[in-house]
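Work through these three exercises with the model open. Try each task before you read its solution.

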Amino acid sequence: ELGERGNLALARRLLQRAVQNRITRLFNRIQEGETPGENPESEFLTTEDFEVGAPIGEGKEQKDAIDEEVSNLVGMTKAKEWFAQVRQKVAFVEQTGTRSDLRVCLNIIITGNPGTGKTTFARLLARFFHTYGVLPKDSFVEKNGLELKAEFMGGTAPRVKAAVQEAMGGCLFLDEAYALMDSAAGVGGAGDAFSQEALRTLLTEVENHRTNLMVVLAGYKEKMGRLMRAEEGLARRFPNRLHLDDYTPGELAHICETCARHRHQREFEPGLKEKLEKHIENFYWRDIAQQNAGLSVNLTEKALDRQIVRIVSKYPEAFAQMSLPGRSSAAPSSPQDAPTLSRQRSGRSIQDVKAEVAVFTAADFGIEERPTMGDPELRKRVQQEVERLTGMANVKDFFAELSRTVAFVERGGDPRVLQTSLNLRLTGNPGTGKTTVARLIGRYLYAHGVLPRDTFVERNALALKGQFVGQTAPTVAEAVRDAMGGCLFIDEAYALADRGGDKFSGEVIRTLLTEVENHRTGLLVVLAGYADKMDVLMDSDPGLRRRFSLVLQLEDYSAEELAEICEHAAQDRFNLSFAPGLRGSLATHIRQQHGAEISQHNGGLAVTLAERAFRRLATRCLRLIWHENFFSRSYRLSKFQMLKMETCMSTKHNMVLLYLRY
């Protein structure tokens, strides 16, 4: 500090601290019954006052307290090892007296997924270093990377310098530090002019104060890696690295217990921690990487809500409010008039209720002996949609197999059977219902609890290709992020390798394979297209067949199935019904008149026939009703509950008999 703070300022600070220590020393002696004048040392400053030979850092009580906080950290094995090394180093310096050994660069980069405790660890690290005398000030200044950028050129450098000066002697924590170059993160550049100004100024300040300031850069591992590559000087000035791993299910259960005890004053019933660990491992394994400790907090808060509902439902009399007759809703005139708990009506005392409130049970966390996966009501609705599908026997078999697998888990089977890749290929001619089936598969898996989100992201293969080299990978990654936890549907997937593929095709396929492999159990990816062209796509990269081994081939519809689809379209879109026997006649008509068109249109042919029939129906109605009379009496239509007009179409025109209901 001699050269950094000035000799005179250092002398003044040491003297002020010595005077304060003398006052404390004399006060302690007075408390012990000693008269200050009896001891000649009371008139002098001593080596004790100047802390000559004193232990480094705070006192033993403060060190024990911070050590207990470190030991209470859940997980973070590598972090605890680092704390132990700092203790050993301080002990070594105290024995040898070479305090210069502590004057080293402390700057560190902390990486980890969301909820792994990066900010919490950085705060504890700063306090630990101050308590053990490594940092002179107990100061923690937290900034976001975007906060260091100004709105105009030249304003960024003063912001960075101000943040450094504010944290001088302590810790400067920059969260989401990659935001310094985020404007060009997608293409690997070093950012805009503001980003470059912020980085250059930060590097200069860190170098000038490398031993009396700890700077912590925190963020996600991949993005922090891009930041380090964008500016080579960062790696040299931040020599320490620490990655915080995701929490295990057991550690998350422990965090739940700690959160319940300290935030909500609840204890776990015996055996609940072990049950909760298995519950998290079986049903929340997808959420761990995205939430970590946040998942534990959310589970505990939901358990609190369930507990309140459970206890109020169990003891309704104890929580019923008494209403006094003749009283208004205004404030009561006396405390006796206020609504109170009806203890006299309850079979148990309120003390018993309070005792039950103090303990979380397995039911509060939704842990059941035979759990019901997904949403029961949504499962019924989706199952009705599956049963209403026309044809598609192999698709219905696929859904039936999924249902049996879910039932196996609900009856106590190993939930890991659902933690497998479900990525598939949907092949078929135009109009066979590839998009409809993909949407239904996504909703079916969500309704049965296999997928955590009811998300369906549809992309055409051509839309995944960038306009220039380097733009494709971020486009694919963004589509995957949008669909995470749900379904990503890539239509006309063969366009990825159309005409043998180009440099954009190779980039999109490689990126897609990487994303699919990294999220093989947390995302459903469906590739759809014509069977022959999809085979060409699969041959373009050997990794595609391995990652998309499941194939559902949608066959062309028969004439009878198209007639059924036509009836559904008439009912769903136009509220029209088929007359008895019409479906068979229409099937014959389709087979004879449109047989050659089926492979090119399939379901689209049925919808087209229904739309044509509806237009002919409207024309026929006007021919049957006198034009002037119809419009002159239109005001009377509201008096009828229902007006049924039976219109018989000419067999020559459309082979359809429909009922139009108003």
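Three exercises on this predicted model follow.

**Exercise 1**

Task: Classify alanine 563 as buried or exposed, and find its contacts.

Solution:
- Step 1. Locate the residue. Alanine 563 is in helix H22, which covers residues 559–574.
- Step 2. Read its relative accessible area. The value is 0%.
- Step 3. Apply the cut-off. Buried means under 20%, so alanine 563 is buried.
- Step 4. List contacts, skipping neighbours within four places in sequence. Alanine 563 touches Phe578, Arg583, Leu586, Ala587 and Ile590.
- Step 5. Compare sequence and space. Glycine 603 is 40 residues away from alanine 563 in sequence, and their C-alpha atoms are 9.6 Å apart.

**Exercise 2**

Task: Place leucine 45 in the chain and say which surface patch it helps to make.

Solution:
- Step 1. Leucine 45 sits in the loop between helix H2 (7–31) and helix H3 (60–71).
- Step 2. Its relative accessible area is 37%. Partly exposed lies between 20% and 50%, so leucine 45 is partly exposed.
- Step 3. Leucine 45 joins Leu14, Leu15, Val19, Ile23 and Phe50 in a nonpolar surface patch of about 490 Å².

**Exercise 3**

Task: Describe the sheet that holds E9, and explain why E9 and E12 each have one side without a neighbour.

Solution:
- Step 1. Write the order of the 5 strands: E9-E10-E11-E8-E12. The sheet is open and its pairing is parallel.
- Step 2. Find the edges. They are E9 (456–460) and E12 (550–554). Each has a single partner strand, so one side stays without a neighbour in the sheet.
- Step 3. Give the turn. Neighbouring strands are turned by 20° against each other on average, direction ignored.
- Step 4. Check one pair. E9 and E10 (residues 487–491) pair in parallel over 5 bridges. Glutamate 458 has phenylalanine 489 in E10 as its bridge partner.

Conventions: Residues numbered from 1 in each chain as written. Predicted model: local features only at pLDDT ≥ 70, side-chain atom pairs only at ≥ 80, totals over all residues. Heavy atoms only, no water. Helix = DSSP H or I, 4+ residues; strand = E, 2+ residues; numbered from the N terminus. Buried < 20%, exposed > 50% of the residue type's maximum accessible area, 1.4 Å probe, protein only. Contact = heavy atoms within 4.5 Å. Patch = residues over 30% accessible without salt bridge, like charges linked within 9 Å, V, L, I, M, F, W, Y side chains within 5 Å. Areas by Shrake-Rupley, 256 points an atom, 1.4 Å probe, with all protein chains shown as cover. Salt bridge = Lys/Arg side-chain N within 4 Å of Asp/Glu carboxyl O. Pairing = 2+ DSSP bridges. Axes fitted to C-alpha atoms, helices over the stretch in contact; angles between N-to-C directions.
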